[in-house]
Amino acid sequence: MKVSVLIGSRNRPMALQRCLESVLTQQYTELEVLVLDDASEDPTAYQRCVEQIGDPRVVLIRSEKQLGVAGGRNQLFTQASGDVFFVLDDDAVIAGTDTITRLCDIFATCPEIGIVACQIIEYSGDGTVLRKVPFSRRLLARFPHLAEKPHFVSYFLGGAHGIRRQVIQTCGSYHPDLMFGEEELDLAYRVLEHRWQIFYDPKIVVYHYPSPSVISKSDFLAEELLHHVKNRIYLAYRYLPLPYLPIHLLIWLTIYSAMALRARVPFTLLRGIRAGIQMARQAQRQPLSRSTIAYLCAHYGRLWY
């Protein structure tokens, strides 16, 4: 299998360089690395970064229009030539040199697996270490060792994941209008509807070092919250059968309301609700099938919230 490592980046060339260095230590040889400069303010910084890396497998692509997370990944999909895509955030680092090899072994052994979810260890600036895995906090509280074993799961985290090219060809790419937040859940629903499976391997580890935002913290929180609210309303309307839909929205809007009050951005919540309703009105409802609901119930899926 040829693997395309896909990295989107904007205004973070230093973080990107660290990420690329970890990618290029991989033992797997059938590898290409595509980097998207998502309309960064200083494109020459990215050119210098790639030149300093000095590896012909690394290709830099420039977008003059900011595409966002979902749109940027879609752009990279169209340029990639691999049989498998490994999507990686620019402020992440691959742990170990056999990660890509292990990823390909899973895809080669299990043709029904469409996406491989990774274990992401996040190191925040205040010293907090978080483990991000495709299980709810409530589930991990009940079964703390759940994240240490491989499982079939119902969703994945976008910061690092492997996906077959065939999955994109059959299920479509990320929804570009989601831009940020829940875009992985939208794709996961479609993947499961097409009878692919999602597999979590805790031995595929990626370290995540969130870089400071170029905008103020309050503005960033407001923008993030707006997208989460909008996208959650759209996804619930499009995919969730009754009676999941109203309960799901009630719980999540309560959570988002508390977040908006803590961040002192109540009008952002209202803007998000308005945008979500507008987006839902333009969508056609496609409730998940009984087989997909059964898969979600059997593999730690989240339907009520």
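So, is Asp 91 buried or exposed? Asp 91 is buried, at a relative accessible area of 3%. By buried I mean under 20% relative accessible area, by exposed over 50%, and by partly exposed anything in between, with a 1.4 Å probe and protein chains only.

Before I go on, a word on what we're looking at. This is a predicted model, so local features need pLDDT of at least 70, side-chain atom pairs count only at pLDDT 80 or more, and totals for chains, interfaces and linings use all residues. Residues are numbered from 1 along each chain as its sequence is written, and side-chain values use heavy atoms, with hydrogens and water left out.

Okay, back to Asp 91. Its salt-bridge partner is Arg 12, and the closest N and O atoms of the two are 3.5 Å apart. A salt bridge here is a side-chain nitrogen of Lys or Arg within 4 Å of a carboxyl oxygen of Asp or Glu. Arg 12 sits in the loop between strand E1 (3-9) and helix H1 (13-23), and Asp 91 in the loop between strand E4 (84-89) and strand E5 (92-94), so this pair ties together parts that are 79 residues apart in sequence. Those labels are DSSP runs numbered from the N terminus: helices are H or I with at least four residues, strands are E with at least two. Unlike its buried partner, Arg 12 is partly exposed at 25% relative accessibility.

How many salt bridges does the structure hold? There are 14. Another one joins Asp 89 and Arg 73, where the closest N and O atoms are 3.9 Å apart. Asp 89 is in strand E4 and Arg 73 in helix H3 (residues 68-79), so here the parts tied together are 16 residues apart in sequence. Arg 73 is buried, with a relative accessible area of 7%, while Asp 89 is partly exposed at 26%. These two also belong to a network of salt bridges that links them with Glu 183 and Glu 184. And then there's Asp 42 with Arg 48, closest N and O atoms 3.9 Å apart; Asp 42 is partly exposed at 37%, and Arg 48 is partly exposed at 43%.

Next, helix H11. It runs over residues 290-298, and Ala 298 lies in it. Which residues of H11 are buried? They're Thr 292, Ile 293, Tyr 295 and Leu 296. Looking down the axis of H11, these buried residues fall within an arc of 160°, so they line one face of the helix. That arc is taken over the directions from the helix axis to the C-beta atoms. What covers the buried residues includes strand E8 (151-153), helix H7 (183-193), strand E10 (197-208) and H9. On the face turned away from the buried side you find the exposed residues Arg 290, Cys 297 and Ala 298, with Ala 298 at a relative accessible area of 51%.

Now the backbone oddities. Most residues other than glycine have a negative phi, and most peptide bonds are trans. Right after H11 comes Tyr 300, with a positive phi near 65°, and Tyr 300 is partly exposed at 28%. Arg 195 also has a positive phi, of about 70°, without being a glycine. You'll find Arg 195 in the loop between H7 and E10, exposed at 56%. And the peptide bond from Leu 242 to Pro 243 is cis, with omega near 5°; Pro 243 is in the loop between helix H8 (217-239) and H9.

That leads into H9 itself, residues 244-263, which is where Met 259 is found. Met 259 counts as partly exposed at 31% relative accessibility. Together with Ile 247, Ile 251, Ile 255 and Trp 304, Met 259 forms a nonpolar surface patch with about 390 Å² of accessible area. Patch residues have over 30% relative accessible area and no salt bridge; like charges are joined within 9 Å, nonpolar side chains (Val, Leu, Ile, Met, Phe, Trp, Tyr) within 5 Å. The areas come from the Shrake-Rupley method with a 1.4 Å probe, and for residues only the protein chains shown count as cover.

Last stop, Ser 136, in the loop between strand E7 (129-132) and helix H5 (137-142). Ser 136 is buried at 7%, and its side chain reaches the backbone nitrogen of Leu 139 at 3.1 Å. Leaving aside neighbours within four places in sequence, Ser 136 is in contact (heavy atoms within 4.5 Å) with Tyr 155, Arg 302 and Tyr 305.

Conventions: A polar contact is a pair of N or O atoms within 3.5 Å; within protein, one must be able to donate a hydrogen and the other to accept it, and residues adjacent in sequence count only if both atoms are side-chain atoms.
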